[in-house]
Amino acid sequence: MTMQGKLRRTLDVAYERMKCNSTVASVLAGNDGLCLGVIMGAQACNAMTDDEVAVERAHLAMLAALHDMKAAGAERSRG
């Protein structure tokens, strides 16, 4: 079984929200929670394979790391 189209679109929209330029931690936390909830819910309902979950969680971790780098850069520039 592979990921359903609606699930893929939901994750894509949530990921786009994470790519916003905000460096506010609460914005990241809310969007990160949304993505993780969708991923874990889909796994619990067998709508995603374990491999798909691993890929999506890695993507989520990458977006969180990029957010942290942007936030650190913003802090240094205010410095």
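## Overall composition

Of the 79 residues in the protein chain, 29% are buried, a figure that, like every other value in this report, was computed on a predicted model. The secondary structure of the chain amounts to three helices and zero strands, and reading along the sequence gives the pattern α-α-α. Along the principal axes, the C-alpha atoms of the chain fill a box of roughly 50 × 20 × 15 Å.

When contacts in the chain are restricted to residues at least 6 apart in sequence, 67% of them join residues at least 24 apart. The chain exposes about 5000 Å², and carbon and sulfur atoms supply 60% of that area. As for the charged groups, the chain has 9 positive and 9 negative charges, and the mean positions of these two sets are 7 Å apart.

## Helix α1

Helix α1 covers residues 5–18, which makes 14 residues, and the distance from its first C-alpha to its last is 20 Å, close to the 20 Å expected at 1.5 Å a residue. Its buried residues are Leu7, Leu11, Ala14, Tyr15 and Met18. Seen down the axis of α1, these buried residues fall within an arc of 100 degrees, so they line one face of the helix.

The face of α1 turned away from that buried side carries Lys6, Arg9 and Val13, which are exposed. On the buried side, the residues of α1 pack against both α2 (25–44) and α3 (50–78).

## Helix α2

Helix α2 has 20 residues and reaches 28 Å from its first C-alpha to its last, a value close to the 28 Å expected at 1.5 Å a residue. Leu28, Asn31, Cys35, Val38, Ile39 and Ala42 are the buried residues of α2. In a view down the axis of α2 they fall within an arc of 105 degrees, so they line one face of the helix.

On the other side of α2, the residues Ala25, Ser26 and Ala44 are exposed. The buried residues of α2, for their part, pack against α1 and α3.

## The loop between α2 and α3

Asparagine 46, which follows α2, has its place in the loop between α2 and α3. Its phi is positive, about 60 degrees, although the residue is not a glycine. As background, most residues other than glycine have a negative phi. With a relative accessibility of 54%, asparagine 46 counts as exposed, because the cut-off for that class is over 50%.

## Helix α3

For the 29 residues of α3, a rise of 1.5 Å a residue gives an expected span of 42 Å, and the end C-alpha atoms of α3 are 42 Å apart, which agrees with that expectation. Within α3, the residues Glu52, Val53, Glu56, Leu60, Leu63, Ala64, His67, Ala71 and Ala74 are buried. What covers these buried residues of α3 includes α1 and α2, while the buried residues of α1 pack in turn against α2 and α3.

Some other positions in α3 are partly exposed, among them histidine 59, leucine 66 and lysine 70. Histidine 59, which has its place in helix α3, counts as partly exposed at 25% relative accessibility. Leucine 66 is also in helix α3 and is partly exposed, with a relative accessible area of 36%. Lysine 70 lies in helix α3 as well, and its relative accessible area of 36% makes it partly exposed.

## Distances in sequence and in space

Two of these α3 residues can be related to lysine 19. Leucine 66 and lysine 19 are 47 residues apart in sequence, and their C-alpha atoms are 8.7 Å apart in space. Histidine 59 and lysine 19 are 40 residues apart in sequence, with a C-alpha to C-alpha separation of 12 Å.

A further pair involves lysine 70 and alanine 47, which are 23 residues apart along the chain and whose C-alpha atoms are separated by 33 Å.

Terms used:
Residues numbered from 1 in each chain as written. Predicted model: local features only at pLDDT ≥ 70, side-chain atom pairs only at ≥ 80, totals over all residues. Heavy atoms only, no water. Helix = DSSP H or I, 4+ residues; strand = E, 2+ residues; numbered from the N terminus. Buried < 20%, exposed > 50% of the residue type's maximum accessible area, 1.4 Å probe, protein only. Contact = heavy atoms within 4.5 Å. Areas by Shrake-Rupley, 256 points an atom, 1.4 Å probe, with all protein chains shown as cover. Lys, Arg positive; Asp, Glu negative; His and termini not counted. Charge placed at Lys NZ, Arg CZ, Asp CG, Glu CD. Expected span 1.5 Å × (residues − 1). Arc of directions from axis to C-beta.
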